[in-house]
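Thank you for making time for this. I would like to walk through one structure slowly, starting from a single residue and widening the view from there.

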Amino acid sequence: MHLKAASDAPLSLGTIWRVVKKFSPRRIPPVYYGGVIAIPALLMGEPAVEFSESLSEADFVLNTFSFLVWGALVMWMCAGFTMLESGSVRTKNASMICLKNIGLYSIAGLAFFFIGYNLMYVDVGNFIGSFKLMYGPSSDELALLDGEAGALGGVVDQGYATMSDWFFQMVFVATTASIVSGALAERVRMWPFFIFTLALTAVIYPIVGAWTWGGGWLSQMGFQDFAGSTIVHSTGGWAALAGVMIAGPRLGKFRANGDARPTPPSNVLIVTLGVFILWLGWFGFNGGSQLKLGSAADAVAMSNILVNTNLAAAAGVLVSLAFSRFIFGRMDLIVGLNGAIAGLVSITAGPDITEHYWAIIIGAIGGILCSAGMRLLEKLKLDDVVGAIPAHLIAGIWGTLAVCIVAGGDIVAQLVGILAVGVFVFALSWLIWKALALSPLGIRVTRDVEELGQDAGELGIEAYPEFVLMPDSYEEEEE
Amino acid sequence: MHLKAASDAPLSLGTIWRVVKKFSPRRIPPVYYGGVIAIPALLMGEPAVEFSESLSEADFVLNTFSFLVWGALVMWMCAGFTMLESGSVRTKNASMICLKNIGLYSIAGLAFFFIGYNLMYVDVGNFIGSFKLMYGPSSDELALLDGEAGALGGVVDQGYATMSDWFFQMVFVATTASIVSGALAERVRMWPFFIFTLALTAVIYPIVGAWTWGGGWLSQMGFQDFAGSTIVHSTGGWAALAGVMIAGPRLGKFRANGDARPTPPSNVLIVTLGVFILWLGWFGFNGGSQLKLGSAADAVAMSNILVNTNLAAAAGVLVSLAFSRFIFGRMDLIVGLNGAIAGLVSITAGPDITEHYWAIIIGAIGGILCSAGMRLLEKLKLDDVVGAIPAHLIAGIWGTLAVCIVAGGDIVAQLVGILAVGVFVFALSWLIWKALALSPLGIRVTRDVEELGQDAGELGIEAYPEFVLMPDSYEEEEE
Amino acid sequence: MHLKAASDAPLSLGTIWRVVKKFSPRRIPPVYYGGVIAIPALLMGEPAVEFSESLSEADFVLNTFSFLVWGALVMWMCAGFTMLESGSVRTKNASMICLKNIGLYSIAGLAFFFIGYNLMYVDVGNFIGSFKLMYGPSSDELALLDGEAGALGGVVDQGYATMSDWFFQMVFVATTASIVSGALAERVRMWPFFIFTLALTAVIYPIVGAWTWGGGWLSQMGFQDFAGSTIVHSTGGWAALAGVMIAGPRLGKFRANGDARPTPPSNVLIVTLGVFILWLGWFGFNGGSQLKLGSAADAVAMSNILVNTNLAAAAGVLVSLAFSRFIFGRMDLIVGLNGAIAGLVSITAGPDITEHYWAIIIGAIGGILCSAGMRLLEKLKLDDVVGAIPAHLIAGIWGTLAVCIVAGGDIVAQLVGILAVGVFVFALSWLIWKALALSPLGIRVTRDVEELGQDAGELGIEAYPEFVLMPDSYEEEEE
């Protein structure tokens, strides 16, 4: 049976997969749509195949374990961002990147526990969820742990353990915050960065999430974004863009004639390691976003998702490398590595409903857009240290449109979603960054600290204290 | 159901979870307690919920797979310790750390196979298990693999595959050994270190384990230590402390006036990477210690465990950073990173029965104790290169007490356990280190080798042979 | 039950496990052997234990999830190879290694999607599979995702999701390609390397795979290679050997008198990290190669496999270190790290049917052979930069023989398999490398580029641009 199907497969690839899910919210609470109760997709066992009744506890366990294992891999992406960014900056600022990243992951985890998750997922109306503090296991779960066997039915009906979902959602918000730190590296002070991180992870991202995965107005409109091309990656990208505009470029990044000075990564091995970590973590990011593992249909979908994720990234790498050869006259490793990220971001909106060859095309176009976007930002004199905005924002927009192009859906909903998230996140981020810049705190390190480096000037710990380093010529040339 | 429960959750958080398990040994053999046969918890399907009879094979598979997947993540912690330690030492000793760590993981794996596991888990009376050599699959498992379908029932009744449990326990003993290498870095010779590692992993740790997870006297007394705040982390910490006392501080670590010279990490990125690896691995360390995944109750517990683990670590980071700001006048990245470890160690004794907000508090206190402990050790002129003793021993003691404070249990049993393990491990380790020091081997490298570095002086391979390094001024100042 | 079995275990170790599977192809299509239809082993539920009928969907989910989780770990091995290799080369060539590795993983993924998988697994006769382009989900899977509940039975009968298997097989071909890049580092040009990678992953490896795991002539003969000591590792090793012979040694590697100059790794921490990554990934490599997780027997086998994998690696490390002490007069960390790889490769042919103490012996011998092989290559003036040929080819041959020695099987089939794969891969690789060398492209960088380094000379991006480096004396001495 299998082999027959397998050899048939190349033929069947010509037929576009029907859109299995018209929209794929992370969680649909039972809300009224024009007076009709819409039962949550989860409880309906969509797609239509379920374990038989007697298997529902196994279903629960598998759904939960999927969240935990894939969520752990998504947490690992924070290490990936840390390596990517700390290897990309000049050595004099690398420790600060480490501090910012371990700090932002910690802040995100606590903010999402105290405020964020409830705003995003609990009692969401159209725009925002609950303002209650903290989140925890359901009462049925507590009863079950307490030994009340009668609670089992209620627990199993949940579909998965409450906190396994929380864990999986928490590592997503951390990803959003990670995107910002790279773009703003080498000149934004630590304290305002952490304050912004708190706002982003406690409020901004959760509100975007409430509109979409939480079941709010964008979700109801039919906006589809499977694992977050817009919701996670563009949100991070818009927040970064606002910060980049207000913070301004690094000293000496742009010459008087407008040319951008190249700022090569100080540790290419660590950057490459970071990209491999992100690539690995993305299997959890997209695979876990199936949200279920309790049926054969889920397992099939998750498999297709991982394959599409990998194909899009691979295409992003190769096309970006080719593009760099064509534009710059030589293969540019950094463009290629960023192409992997762009390919991954591009496929993230619809890895479940995209045919495999389309994943390759989507990833390839994402890679080109990212590469071109890196140039565009330089023309605009926007200084994004690691190319986070092209890789996450531009590729994120592309991915959100692409899913609709290749797999069907409401293009208007996609455009409205992209626009609404963009306006909301960019405007709010801009206000926060601006307020921080105008406050006594400021967001920019002093000129002296910037020249000396944030590690020695602000943090008091150098990344590589025993290594003899080249004098950094950027500022000198500027003087 | 789920959503109602979820929005209820903040209310229900106010009620302290009842202690689900009065004590949580890893394995309770069917031993007689005052004449009554206590059926092993595992076979009793505690907590009271089980898969139905027809699901028991799935139960077995899930329990086993949980051990394997989470165990693989715990093995990954060895890479985390290696990076943390090799980035923390001066460049001239970094290769030796790599050698010691790959060596100790190998020694631990073989020692636990030949001797350790049997001492710890097989036929344990009150104090020690079996002296048989080697460990392997059960006879039912061999029969099953051999195609005897009749063996299935016996295998399934085991609850999990014999060697999946061995694998999971083995990576724990390696963790214990990893703790020691960091504290003793930069001056302890390779051979005595390996000999001590052999003793620790083949005998010392297994005996501590027999008393507790193996079902021995401490377990019977009610001592609870879910994933090893005391059993793994304090054991490693006590062994390290004995070694630190006997080996003495590095040349030039303490000035004539008693001040400690700062010894900044030589590669901050690698240290940070190490901490991220450890954080990720800890999900396996604590999550896998649920030991089962065959019921909804297990899945719920495992989810709560991962969340508590993450919250405690995040709190440890932020509170340690704040503490360092308050004490030292600046945020200290290294203190923050160690705070993550301390938070993780602190929650390890009870991540299953601790409410989430308590996990935050426990982790935060762990971070403070660790930060203060780092200062204390310096006052005592104990030279712990990576802060392993504060992070693992002090936080381990705190965690073992904390679980009792927040979730109930017998505080006397906890104190007795902490004390007994401390006295036993410290005394035995002290004797072994002392014997090694007095032997012709010695434990300390010569002054020449220490000045030159262990890499060039003892190992003959430099960590970064092509990089130009700053002259190291510690010894020169000392001269 | 369990504990009784456990304490029995040391006794039962004395009895050699019977060979559970006479040969272990990855997939046996229903082919005619002399007129008799051989039902695929998978569908027969071999070994003889199965979930009951009602559990088959859980079976499907578990099989699939095992492929995905373990496959993700195998993908991670590419990061391991990248770190191992980029840390091993001189700094002036480290970026090129990063580019080659991210590039080869991308090429392998696309080549295996378009051509490779079909050649290897679809409609395989004796020698080769289908020439169709692209691979995808089965028609039943597409129907199921489309909501046709009636398709469930057909899907479940497959045993696992089509693309989960593709994913798992794809990361294997990437491993093969990774082996080549290390051996040929520091002098082979990027373009010819990528062209060879395409040939290897699209054609050479898939044909070897068709003969064996695809069910072709070697499989029918009884050749057994559980996870690819020969099929993956020796294939990579032979391809590397051909390249090494044609490319010739690096400038200055061999002195006029024939002595080999030592070329120490430029970043020992990164090399060590790479080995830990590979060790972790190997749990997925060997564990996932059980191909199933849907029965207790599978779970038991997978557990034994992980334990054997770890024991063999540990033995490889310690014996290699001892060997280096004996031969070179000092413990050589690099030899020890390569010993881990060699131990892992050695056990890969039969981790499922090897008793644990045999795994130790097999890994130990693998470590010695690898260490000796590193010396042998130098005597032969073959310049394998990272020791890939000893670790993968020599240990791969040993492992393929060892499985037969310790667990039974047809030694003739093993020898024929080793020889056939060797002749085929070496000859074809030699022809391709030779053709590339004779083409206008060439395979070797110019002398100027080689002295300057590929990073600056060919790629235009230095690995550590801010660090002051020692002048490299190899070429100068040669001049």
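**One residue and its surroundings**

If we set aside its neighbours within four places in sequence, C:Asn304 is in contact with B:Pro137, B:Met163 and C:Asp352. Please keep in mind throughout that this is a predicted model, and that the predictor gives the complex an ipTM of 0.91 and a pTM of 0.92. C:Asn304 lies in helix 12 of chain C. Is C:Asn304 buried or exposed? There are 31 other C-beta atoms within 10 Å of it, and because 20 or more are enough for a residue to count as buried, C:Asn304 is buried. For a sense of distance inside the chain, you can look from C:Asn304 to C:Phe193, which is 111 residues away along the chain, and there the C-alpha atoms are separated by 38 Å.

Let me set a second residue beside that one, this time in chain B. B:Ile411 has its place in helix 15 of chain B, which covers residues 411-438. Here we find 12 other C-beta atoms within 10 Å, and since a residue with 12 or fewer counts as exposed, B:Ile411 is exposed. B:Ile411 and B:Gln224 are 187 residues apart in sequence, and yet from C-alpha to C-alpha they are 9.7 Å apart in space.

**Where the chains touch**

We can now step back to whole chains, beginning with chains C and B. How many residues does the contact take from each of them? It takes 72 residues from chain C and 72 residues from chain B. On the side of chain C that touches chain B, the elements of chain C that give two or more residues are helix 1 (2-12), helix 3 (56-88), helix 11 (268-287), helix 12 (296-328), helix 13 (333-347) and helix 14 (356-379). Helix 12 of chain C, where we found C:Asn304, gives the most to this side, with 17 residues. When the residues on this side of chain C are divided by class, 52 are nonpolar, 16 are polar and four are charged.

Turning to the other partner, the contact between chains C and A takes 73 residues from chain C and 71 residues from chain A. The elements of chain C that give two or more residues to the side that touches chain A are helix 3, helix 4 (94-121), helix 5 (139-145), helix 6 (152-158) and helix 7 (162-183). Which of them gives the most? That is helix 3 of chain C, with 16 residues. By class, this side of chain C has 45 nonpolar, 20 polar and eight charged residues.

**How the copies are related**

In general, two copies of a chain are related by a rotation about an axis and a shift along it. In our case, chain C is superposed on chain B by a rotation of 120° with 0.0 Å of shift along its axis, and the RMSD is 0.0 Å. The two copies are therefore related as by a three-fold rotation axis. Of the residues of chain C, the one that comes closest to the rotation axis is C:Val468, at 3.2 Å, taken at its C-alpha. The copies use different surfaces, in that 8% of the contact residues of chain C recur in chain B.

**Two helices to look at**

In chain A, I would pick helix 10, residues 229-247. Its 19 residues, at 1.5 Å a residue, should span 27 Å, and its end C-alpha atoms are 25 Å apart, which agrees. This helix of chain A bends by about 25° at A:Thr235, and it is mostly covered, with 18 of its 19 residues buried. Just after helix 10 of chain A, A:Gly248 takes a positive phi of about 80°.

In chain B, helix 10 covers residues 268-287, and its 20 residues reach 29 Å from the first C-alpha to the last, close to the 28 Å expected at 1.5 Å a residue. There is a kink of about 25° in helix 10 of chain B, centred on B:Gly281, and 20 of its 20 residues are buried.

**Chain A as a whole, and a caution**

The secondary structure of chain A comes to 19 helices and two strands, and buried residues make up 68% of its 479 residues. Chain A averages a pLDDT of 88, and 87% of the residues score at least 70. Please read the beginning of chain A with care, though: the pLDDT stays under 50 over residues 1-25, and it is also below 50 over residues 27-54.

Conventions
Residues numbered from 1 in each chain as written. Chains lettered and ligands numbered in written order. Predicted model: local features only at pLDDT ≥ 70, side-chain atom pairs only at ≥ 80, totals over all residues. Contact = placed C-beta atoms within 7 Å. Helix = DSSP H or I, 4+ residues; strand = E, 2+ residues; numbered from the N terminus. Nonpolar A, V, L, I, M, F, W, Y, C, P; charged D, E, K, R; others polar. Least-squares fit on C-alpha atoms with pLDDT ≥ 70 in both. Expected span 1.5 Å × (residues − 1). Bend = angle between axes of the 7 residues up to and from the residue. pLDDT = per-residue confidence, 0-100.
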